[in-house]
Amino acid sequence: MVNLEDLKKEAKMLLEEGKVKYIIGYERSTNGLMSVPAFIKNPKNVERLVWDPSCIYNLTRFLVDEKRRKAREKKPDTRPVGIVVKGCDSRAVVVLLQEKFINREDVYILGVSCEGTGVVDEKKLAEKLKGKRPDKIEFDEKDNFIITSNNEKIKIPAQEILAERCLECRASFPVIYDELLGEKVERKSGEPFKSLEKIESLAKEDRWAFWKEQLDRCIRCYACRSVCPMCYCDECVVDTISFAVTADTAAEEKAQKIKWVEKSPDSSENFVYHLVRAIHLAGRCIDCGECERVCPLDIPIRFLNKKLEKEAKELFDYDVGFDPEKPSLVSSFKDEDPEDFIR
Amino acid sequence: MEKILRKKSFPQWVKKLESYRIYAPTKNGDLWNYELINHSEDINLDYLNTVLSPKKIIFPQRETFLEFSTSNNGNPEIKEVLPEEDPSLVFGVRPCDAKALTLTDQVFGGDFDDLYYWRRRNQTVLVGLACPTPPSPNCFCLSVNGSPHSKEGLDILMSDLGDRYYVESLTEKGNKLLNLAKKLFEEPKAKDKKDLEKIQLASEKKIKRQIKETKKIPPKLKEMFDSPFWDEEAMSCIRCGICTYLCPTCHCFDISDEVLSSSPLEGKRVRTWDTCQFPDFTMHSSGHNPRPDKASRLRQRILHKFQYFVERYKNYQCTGCGRCISKCPVGIDIIEVLNKVRGYGT
């Protein structure tokens with residue numbers, strides 16, 4: 001079992017010895033059960049850290065912020081940041097390393113093992129609890145979650161409330177770390193692309209109708225993009241103003257900037273946005289499922305990325321985020337790569 | 001005008017209102033949203049709260065201002081496009097969301113009337129539904145001059161008394177709706193009034209979350225513009241637009257030209273929602289951005305709602321619906337932020 005006290009001790013030591021700038025971990029939220037990102041600078045505050053099945057967030061997204069912040073500072077503190085990562089999240093660190101977006105010495109990785117379970121889907125949990133407010137969530141090592149609500153203990157089979165991505169998990173303990181907390185327990189791996197079967201079985205027209213209905217709901221809040229550790233481009237195709245603009249950019253250049261996507265949230269523009277994003281994540285998405293979790297309109301965005309993960313696997317035998325030394329899918333090729341799509 | 005409507009008579013009343021475009025909370029998957037209703041029996045008022053507030057009906061995320069084109073002889077043609085819709089009726093409006101519209105009225109009214117907004121606003125009838133229990137665990141209307149049975153901004157307020165609704169008509173628009181089905185409504189008896197009072201009192205007690213001493217916050221914020229507090233609070237912000245797009249009071253927009261064809265020229269000038277939380281919201285064409293980081297953007301959201309709006313309109317630009325808290329991807333909690341502001345540095 002991951003011992004929370006060990007995590008706190010480790011975090012405290014790192015901060016006291018000045019080995020890390022700060023620690024990105026999890027703490028209890030102020031508005032419910034689920035834990036939220038915590039940024040701990042002061043060793044005294046390590047008591048705030050939590051680790052339990054409510055720690056669903058992929059914190060690696062904050063490494064992108066850290067890089068930007070550092071770039072703005074005149075004399076940046078070059079020490080690494082400590083970051084708590086689960087198995088899935090660690091694969092995002094691997095991709096960021098592969099792409100040389102971050103360097104290995106920028107991060108001190110506190111890996112936590114999910115020990116054969118995973119994290120809880122808040123919506124599924126809420127449905128099970130029918131209005132009861134959960135106070136605590138634990139795993140009983142017998143494939144059940146034990147939820148404490150108002151001093152009452154409720155047992156729920158893990159399979160029923162696990163996050164969708166955990167049901168298709170491919171790394172239940174971190175693939176890269178400086179410290180590992182908990183046991184290296186292999187997860188009974190389900191079929192990794194099971195969830196896609198239903199959509200894939202639909203006829204082309206029905207798939208179109210499905211996605212049209214889903215994407216028509218999009219309000220373009222860009223939470224899916226903003227929460228994604230891989231969406232780190234300085235300039236995104238959907239932004240109206242280029243961040244490459246500087247005081248020296250000529251007026252003509254600015255005026256001629258191509259607008260690829262309109263701000264109007266209608267079918268065509270929403271499709272462009274989501275499909276561009278999906279394609280840009282091909283061979284990069286590690287299926288942390290954050291894009292889908294944060295969507296206020298419940299658009300099943302994960303399917304798009306999952307499909308491309310499957311394509312990468314089937315066409316190029318490429319597994320995302322396991323080896324930082326391996327070149328990324330889109331920046332490498334092999335002689336035997338299929339090319340029958342070139343006509 | 002105060003009346004009683006039996007719940008079983010509700011569909012009959014809706015049938016009498018067929019000349020209106022009727023919006024009501026509709027469930028799609030796990031989500032409730034206001035959608036146009038085709039059949040009176042589709043209306044289900046057993047909802048908690050919708051993801052998007054009725055703001056989206058009166059101030060849609062996208063609307064066309066004008067259409068432009070080049071005519072056959074090469075001259076430019078511009079056509080104003082004003083909203084031309086039948087009168088609308090929204091059922092099941094929560095008091096916080098109705099109050100929010102009264103705040104937006106001040107922004108789009110006053111010295112200059114925004115025609116597009118007012119066309120829709122004036123022809124929309126808002127039928128409210130009081131909240132006997134908080135629709136969200138993050139409701140805090142009582143902390144921002146609201147209440148679960150507030151009438152502000154509504155044409156009618158319905159309160160659920162079990163087998164019947166206590167229906168209070170508050171405006172001419174509201175009276176008209178009741179008069180279309182006079183026979184269905186009964187005069188309230190003393191017991192109805194007593195029940196209503198009881199429910200209202202109980203509903204206020206059920207709201208658990210609160211900003212303490214909200215009044216002290218605006219002057220406090222005035223001193224905190226340069227505080228490192230914002231850096232700390234914004235650490236987890238991911239700069240998405242959820243808090244502002246779902247907010248019933250946020251009303252910022254962008255205007256852009258959408259060109260459908262460049263030769264011959266054809267296009268539209270449209271207004272779309274925009275948000276202070278996007279980095280390009282304040283981006284100057286020089287490349288300078290006066291709100292360069294997420295700390296300054298979070299500060300803007302809080303200061304606009306609890307300082308600038310208060311200074312200008314003598315009210316908080318927040319009605320306590322709790323959407324920004326419940327839907328924030330990283331758990332940023334405006335109640336918590338404001339409670340910290342109140343005690344900051346003391």
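Okay, let's start with the small sheet in chain A. Three strands make up an open sheet, and the order across it is β5-β6-β7, with antiparallel pairing. Keep in mind as we go that this is a predicted model. Who sits at the edges? That would be β5, residues 136–139, and β7, residues 152–157; each has a single partner strand, so one side of each has no neighbour in the sheet. From one strand to the next, the twist averages 25°.

Let's zoom in on one pairing there. β5(A) and β6(A), which covers residues 144–149, run antiparallel and are joined over 4 bridges. If you want a residue to click on, take A:Lys136: its bridge partner in β6(A) is A:Thr148. And a quick reminder for anyone new to this: strands of a sheet pair through backbone hydrogen bonds, either parallel or antiparallel.

Now over to the other sheet. Here we have 5 strands, again in an open sheet, and the order reads β2-β1-β3-β4-β8 in chain A. What sense does the pairing have in this one? It's mixed. At the edges you find β2, residues 35–40, and β8, residues 179–181; each pairs with a single strand, so one side of each is left free of a neighbour in the sheet. The twist in this sheet averages 35° from strand to strand.

For a parallel example, look at β1(A), residues 23–28, and β3(A), residues 81–85, which are joined by 2 bridges. A:Ile24 is a good place to look, since its bridge partner in β3(A) is A:Ile83.

There's a helix to add to that picture. α1(A), residues 4–16, lies across β1, β2, β3, β4 and β8 of chain A, and runs at about 140° to β1(A).

Okay, zooming out to the whole chain. The domain assignment splits chain A into domain 1, 1–190, and domain 2, 195–338. Their centres, taken over C-alpha atoms, are 25 Å apart. How many residues are in contact between them? On the domain 1 side there are 23, and they touch 21 residues of domain 2.

So which elements supply the domain 1 side? Those giving two or more residues are α2 (61–72), α3 (87–98) and α6 (164–167) of chain A. The largest share comes from α3(A), with 9 residues. And by residue type, that side of domain 1 divides into 13 nonpolar, 3 polar and 7 charged.

That's my tour, so over to you for questions.

Conventions. Residues numbered from 1 in each chain as written. Chains lettered and ligands numbered in written order. Predicted model: local features only at pLDDT ≥ 70, side-chain atom pairs only at ≥ 80, totals over all residues. Domains from an automatic or database assignment. Contact = placed C-beta atoms within 7 Å. Nonpolar A, V, L, I, M, F, W, Y, C, P; charged D, E, K, R; others polar. Pairing = 2+ DSSP bridges. Axes fitted to C-alpha atoms, helices over the stretch in contact; angles between N-to-C directions.
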